Amino acid sequence: MKSFHIITFGCQMNEHDSERMSGILQSQGLVPAATVDDAEMVILNTCSIREKAEQKFYSELGRLAHLKGRDGKRITIAVAGCIAQQEGKKLLSRTPSVDLVIGPSDIARLSDMVAQQKDGGRPVVETGGDPEYHHKPVPVARTDGLKAWVSIMYGCDNFCTYCVVPYLRGRERSRLPRDIVAEIQGLADRGYREITFLGQNVNSYGKGLESACSFPALLRLAQEVDGIERIRFVTSHPRDLSEGLISAIRDLPKVCESIHLPVQSGSDRVLASMNRRYTSDEYRDKVQRLRNVVPSVSLTTDIIVGFPGEGDEDFAMTLQILQDVQFDTIFAFKYSKRPNTRALDLPKHVPEKVKEERLEQVFSLQKDITLLKNRRHVGTLQEVLVEGESRKGGTLTGRTRGNMAVNFAGTRHLKGSLVKVRITAAGPNSLSGELCE
Ligand code: SAH
Ligand code: SF4
Ligand code: F3S
């Protein structure tokens, strides 16, 4: 086996896991193939967060199985990620064309598994979870040369009642600060300018470490790394958004004024039933506090509509909190039933049609808010990290500290530098401006 192709579904953690699997395989001498057709092994790195994500995987798997059967083409099919963890060896009986099943905490074993599977031997399954995975160095083949994801922790202990992640990614484990700093240093040395710390709940980073290190303390360590210009992080749980983190955003120049703070619902009854452990007023207070200390902060969120028991009044409170807080952008989803989760057994599941109507209402309200927020940038001077030429061509593209995309005229050699851009226009998804230096 010489070539591989990875198809990734799901969140940034999965994207980053794909970079790791690619790193491992390349260090074994395999080469990445641009398409499925050119590859001898195809890895599907899967997501199980909502039913739709699962369906996407099964239809892709169906296509691959068909390809494998056709003309006796010999491809190895590997399933990684959250559905691999969820289904384990059941995947083999369901789809006999699967050769390899590997859970997210077993990635370090990928090359052994590939060796074991070589020459079309018996299928190999590994979903036991390596308890030391978070301390193991894994080669990473990053797809971007400027911005890098850095995992700081794995798993989640929150058990929100709708969410499958704690069952699939296991208990919360933090990497050692010195391992993280060494990784960032290495990235800076290779020309990376921006890092994004990844974790399901970065604010509780450090729990269980032998020598204590809080998330703000980790940000301070990262601030010291020469060459890195920007530091971002996802995701923050509102309950754990501390004063320490708020001051760190204010005081550390490299930490961008941008935070993803999923609220999920505006109804206290629904929030309690989701096990989110904050009320809508506590959420509003935290946002107020954050904006008092960091006035320019950009704020994004996640919303779930149609959680079991969500009545019209509950939903009205979700619209109200969107109206009150005025998020820059939101991600909104219809509640989706997930295996093993506690919400499955709650009474009064909401009909699909109602969920759809509510989702539409959320999108239509937020569309106006986002446009209004974007327009407020017009006339301001923004620091932009230049990422290169825009996809359409003709202009450069980059991002503000608030993580808004900006297009502007300039020469290609600016890629990788921080420039000042005067914003001249705002659309629903991006800004345009003029270079100011
Ligand atoms: N750890 C992060 C993100 C987890 S998944 C956090 O706590 O915010 C990303 C988003 O998917 C969640 O914020 C939630 O809005 C949504 N989500 C998770 N499970 C879901 C489900 N069963 N149905 C619909 N949306 C869901
Ligand atoms: Fe899921 Fe809640 Fe953990 Fe986020 S905090 S991953 S929503 S259980
Ligand atoms: Fe999906 Fe797993 Fe991420 S369920 S959202 S890939 S943690």
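**Exercise 1. The nonpolar cores**

Identify which members of the largest nonpolar core touch the most other members, and state what Leu219 touches.

*Solution.* Step 1. In this predicted model, the largest nonpolar core has 66 residues. Phe197, Phe215, Leu219 and Phe233 are the members that touch the most others.

Step 2. Leaving aside residues up to four places away in sequence, Leu219 touches Phe197, Ile231, Phe233, Leu245, Ala248, Leu252 and Val255.

Step 3. Another core, of 22 residues, lies apart from this one; Ala33, Val36, Leu64 and Val98 are among its members.

**Exercise 2. The chain as a whole**

Determine why the radius of gyration of the chain agrees with that of a compact globule.

*Solution.* Step 1. The chain has 437 residues, and a compact globule with that number would have a radius of gyration near 22 Å. The value for the chain is 22 Å, so the two agree.

Step 2. Along the principal axes, the C-alpha atoms fill a box of roughly 60 × 60 × 50 Å.

Step 3. Of the 437 residues, 54% count as buried. Among contacts with a separation of 6 or more, 71% are between residues 24 or more positions apart.

Step 4. The secondary structure comprises 13 helices and 19 strands.

**Exercise 3. Helix 12**

Establish whether the end-to-end distance of helix 12 is as expected, and which of its residues are buried or exposed.

*Solution.* Step 1. Helix 12 covers residues 312-325, 14 residues in total. At 1.5 Å a residue it should span 20 Å, and its end C-alpha atoms are 20 Å apart, which agrees. The span is taken as 1.5 Å times one less than the number of residues.

Step 2. The buried residues of helix 12 are Asp314, Phe315, Thr318, Ile321, Leu322 and Val325. These cover an arc of only 110° around the axis, and therefore lie on the same side of helix 12.

Step 3. The spacing has a general basis: an α-helix has 3.6 residues a turn, so residues three or four places apart point the same way.

Step 4. Asp312 and Glu313 are exposed, on the face of helix 12 turned away from its buried side.

Step 5. The cover over the buried residues of helix 12 includes helix 10 (268-273), helix 11 (280-293), strand 13 (298-305), strand 14 (329-334) and helix 13 (352-375).

Step 6. Gln326, just after helix 12, takes a positive phi of about 55°.

**Exercise 4. Strand pairing from strand 15 to strand 19**

Trace the pairings of strands 15, 16, 17, 18 and 19, giving the sense of each.

*Solution.* Step 1. Begin at strand 15 (residues 381-389), which pairs with strand 18 (residues 418-426) in the antiparallel sense over five bridges. Here Leu385 stands opposite Leu418.

Step 2. Strand 15 also runs antiparallel to strand 16, joined by five bridges. In this pairing, Leu385 stands opposite Arg399. The two strands form a hairpin with six residues between them, and Gly393 in the turn has a positive phi of about 85°.

Step 3. Strand 16 (residues 396-400) pairs with strand 17 (residues 405-408), antiparallel, over four bridges. Thr397 stands opposite Asn407 of strand 17. Four residues separate the strands of this hairpin, in which Asn403 takes a positive phi near 75°.

Step 4. Strand 17 pairs with strand 19 (residues 430-435) in the parallel sense, over four bridges. Gly433 of strand 19 is the bridge partner of Phe408.

Step 5. The order of pairing thus reads strand 18 to strand 15, strand 15 to strand 16, strand 16 to strand 17, and strand 17 to strand 19.

How values were computed. Residues are numbered from 1 along each chain as its sequence is written. Chains are lettered from A and ligands numbered from 1 in the order in which they are written. This is a predicted model: local features need pLDDT of at least 70, side-chain atom pairs count only at pLDDT 80 or more; totals for chains, interfaces and linings use all residues. Side-chain values use heavy atoms; hydrogens and water are left out. Buried means under 20% relative accessible area, exposed over 50%, partly exposed in between (1.4 Å probe, protein chains only). The arc is that of the directions from the helix axis to the C-beta atoms. Contact means heavy atoms within 4.5 Å. Two strands pair if DSSP finds at least two bridges between them. A nonpolar core is a set of buried Ala, Val, Leu, Ile, Met, Phe, Trp, Tyr and Cys residues joined through side-chain atoms within 4.5 Å. The radius of gyration is taken over C-alpha atoms; the globule rule is 2.2 Å times the number of residues to the power 0.38.
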